[in-house]
Amino acid sequence: MAVVDSDAVRARAAAASAAERVAERTDLDEDRRDEICARLEGVAADLWRALRQVYGGTHDIGELFDRLVELAVAAAAVRPARLRRLDRRREIDQAWFLRERMIGYVCYADRFAGRLGEVADHLDYLGELGVTYLHLMPLLSAREGENDGGYAVADYREVDPRLGRLADLTALSQDLHARGMSLCVDVVLNHTAREHAWARAAMAGDETYRRFYHVFADRRLPDAYSTTLWEVFPDTAPGSFSCVEEMGGWVWTTFHDYQWDLNWANPDVLAAMSETILFLANAGVDVFRLDAVPFLWKRIGTDCQNQPEAHALLQALRAVLRVAAPAVVFKAEAIVAPDQLVPYLGAHQTYVPECDLAYHNQLMVMLWSSLASRDVRLMTQSLRRMTPPPQQTSWVTYVRCHDDIGWAVSDADAHAVGLDPRAHRRFLVDFFAGRHPGSFARGALFQENPVTGDARTCGAAAALTGIELAMRQGDAAGLQAGIRRLLLLYSVTYSFGGIPLVYSGDELGLGNDTSYLADPGLAEDNRWMHRPFMDWERAGRRHLEGSVEGRIFAGLVQMGQARRDLPALRGGGVSEALWTDDPHVFAYHRKHPASGDFLALANFSDDPQSCHTSVLAAAGVPEPQTALSSDGPVSIAGDRVLLEPWGFVWLTPRPG
Ligand code: OTU
């Protein structure tokens, strides 16, 4: 007896009739029509299922399916030839973004280069660092004045005039592609600026656009929702709703009052955002960093994050994009608990294509936690509990980014290793603000919540690792320690599996930047202290032997070179944290089906440490050879593997 999956049957029928319409298009030659139809067939079931999940009870799915496919086919029809060649390559080599050659760099176009058009002048610099993936922070047209670092977009189809024009983006993507580099750009799905044309139309009374947002005539529903909502910026932007006179009521604003949450229950929003993404893909973007995706769907009685519909919406967007621009992938920005994170990579009951990459927030938090406590047990515990990403997907791993560090330490993990979670979080906040006795860090508090006592942390990596303090004090030993700490953290992100991201300035040890305090549009938000202007003078010292810049830069270059020769580090394998008998030594094993074993050991303490050699056999490298290390070939004495303070080794099996 056959089991009939009605979704699959309907999807097939819808794809077949869409294919008939494609076949009639005279603006496409036979090969193009054929490839579009093949892709359509590939994604139809995923698209249908996702749409039914979100809009099944409220809208005509067949109609919506046709509408979205129509948008995708229209975009495919005008996709430039050079990008179609990339589509072809990446459809052949679907694992392109998982390769060991992938190394990312994250910067603000203006702070890095001046204007967007000038970024290309620095591609040799990035090439030297081994970069193959450039994430330019928000660059679309943002509102004037305060705009949350560009995350309040007024026009998704134009580059911010302060940075340049759309043509600059296209030209840059061409330059990058010519060097085998790809371009990552932010798309903010959760909200628009209140200055966006949709919001303006809504304020002018246009009903169609009013339905793009969540508008409430009185406080009844906002109050009801608020009982279970979590405030993102309790200090500077309390509450999640803003009273907007022009709208005659309250508008949902999760972040700032000038960032209006879109109402994704309205399929017009999905269609409009699909068009946006298709448009930017055709301008040459390779990777979309999808901002704040956990917040897309609201459900009363919940924290309105990570709802099943948010996932289904991402699945729908991906399916649409794949029809027109299969070269392009999605990166989820979901700073959520580990259990909630892996589903953004499509890990549901079965694998469902969703995002291709996601930020490994847990690893980032644990690196800093281990550095402060000189103890890796919490990190080992929490990483061991995580489900690995699906084979088709991977992490982006990072030490610092433009945001604050939120101390996502789960209570269960803390208890499992004998820590009081609250006390440990408070310790981390104090330690990195330099308030803890003996702390080498010089960061700051972010958004201290007077109600819960929670706070997050700001500060450049060089300030949090002690480099800044040591430089200021002319402390050579402290400086050496700080540099080793920074390289230790980066050694993990470069080898944990996934695309490592270098956050601009870290490669030179640039410290906190206080210049934002003089700009009234920025002064309120101390995340700007770790969004530095590139210091090209200091960059010029990167070849100067013994200089801070030279030591860090060279360290990262070496990691990049070693990484490129280690197929075990490409996406597709599994990373597993291993217990060692030394609470200061972090061990992780990469097992790759195609390329064998890899073991890294990293000492998070200020003293030499050793761990039992049994970890070598457990990781499939009983006879190790050193692929890279901070201090020469791996040193083994009897049954102990020895590590210098903040030392690391990368090991592979000896060929034989
Ligand atoms: C993101 O961060 C951006 O990275 C921030 O720079 C923006 O301010 C914000 O969105 C609004 O656009 O809460 O503390 O789970 O944690 O989206 C930063 C995701 C944030 C959220 C994340 C958000």
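**Exercise 1. Which helix is Ala113 found in? Then work out whether Ala113 is buried or exposed, and how far Ala113 is from Trp536.**

Before we start, a quick note: this is a predicted model, where local features need pLDDT of at least 70, side-chain atom pairs count only at pLDDT 80 or more, and totals for chains, interfaces and linings use all residues. Residues are numbered from 1 along each chain as its sequence is written, and side-chain values use heavy atoms, with hydrogens and water left out.

Step 1. Ala113 is found in helix H5, residues 109-113. Helices (H or I, at least four residues) and strands (E, at least two) are DSSP runs, numbered from the N terminus.

Step 2. Ala113 has a relative accessible area of 16%, so it is buried. The cut-offs are these: buried means under 20% relative accessible area, exposed over 50%, and partly exposed in between, with a 1.4 Å probe and protein chains only.

Step 3. Ala113 and Trp536 are 423 residues apart along the chain, and their C-alpha atoms are separated by 9.4 Å.

**Exercise 2. Describe helix H11 from its start to just past its end.**

Step 1. H11 covers residues 267-282, which makes 16 residues. From first C-alpha to last, H11 reaches 23 Å, close to the 22 Å expected at 1.5 Å a residue. That expected span is 1.5 Å times one less than the number of residues in the helix.

Step 2. Look at the N-terminal end. Asn266 caps H11 there, with a side-chain oxygen 2.9 Å from the backbone nitrogen of Asp268.

Step 3. Now check how enclosed H11 is. Since 13 of its 16 residues are buried, H11 is largely enclosed by the rest of the structure.

Step 4. Move just past the helix. Gly284 takes a positive phi of about 115 degrees.

**Exercise 3. Which residues come nearest to the ligand, and what is in the shell around the ligand?**

Step 1. There are 20 residues around the ligand, and Asp148, Asp291, Glu333, Ile335 and Asp403 come nearest. A residue is near a molecule or strand if one of its heavy atoms lies within 4 Å of it.

Step 2. Sort the shell by class: nine residues are nonpolar, three are polar and eight are charged. Here Ala, Val, Leu, Ile, Met, Phe, Trp, Tyr, Cys and Pro count as nonpolar, Asp, Glu, Lys and Arg as charged, and the others, Gly among them, as polar.

Step 3. Go through the distances to oxygen atoms of the ligand. A polar side-chain atom of Asp403 lies 2.4 Å from one, a polar side-chain atom of Glu333 lies 2.6 Å from one, and an N or O atom in the side chain of Arg456 is 3.1 Å from one.

Step 4. Finish with the cover. On its own the ligand has 490 Å² of accessible area, and the protein covers 96% of that. Accessible areas come from the Shrake-Rupley method with a 1.4 Å probe; for residues, only the protein chains shown count as cover.

**Exercise 4. Compare the settings of Ser242, Asp257 and Arg318.**

Step 1. Ser242 sits in strand E8, residues 241-244. With 10% relative accessibility, Ser242 counts as buried. Its side chain makes a polar contact with the side chain of Thr253 at 2.7 Å. A polar contact is a pair of N or O atoms within 3.5 Å; within protein, one must be able to donate a hydrogen and the other to accept it, and residues adjacent in sequence count only if both atoms are side-chain atoms.

Step 2. Asp257 is in the loop between strand E9 (249-252) and strand E10 (259-261). At 49% relative accessibility, Asp257 counts as partly exposed.

Step 3. Arg318 lies in helix H12, residues 308-324. Arg318 has 12% relative accessibility and counts as buried. The side chain of Arg318 reaches the backbone oxygen of Glu354 at 3.2 Å.

**Exercise 5. Find where Cys304 and Trp646 lie, and give their phi angles.**

Step 1. Cys304 is in the loop between strand E11 (287-291) and H12. Phi of Cys304 is near 55 degrees, a positive value in a residue other than glycine. Cys304 is buried, with a relative accessible area of 2%.

Step 2. Trp646 is in the loop between strand E24 (640-643) and strand E25 (648-653). Trp646 is not a glycine, yet its phi is positive, at about 50 degrees. With a relative accessible area of 10%, Trp646 is buried.
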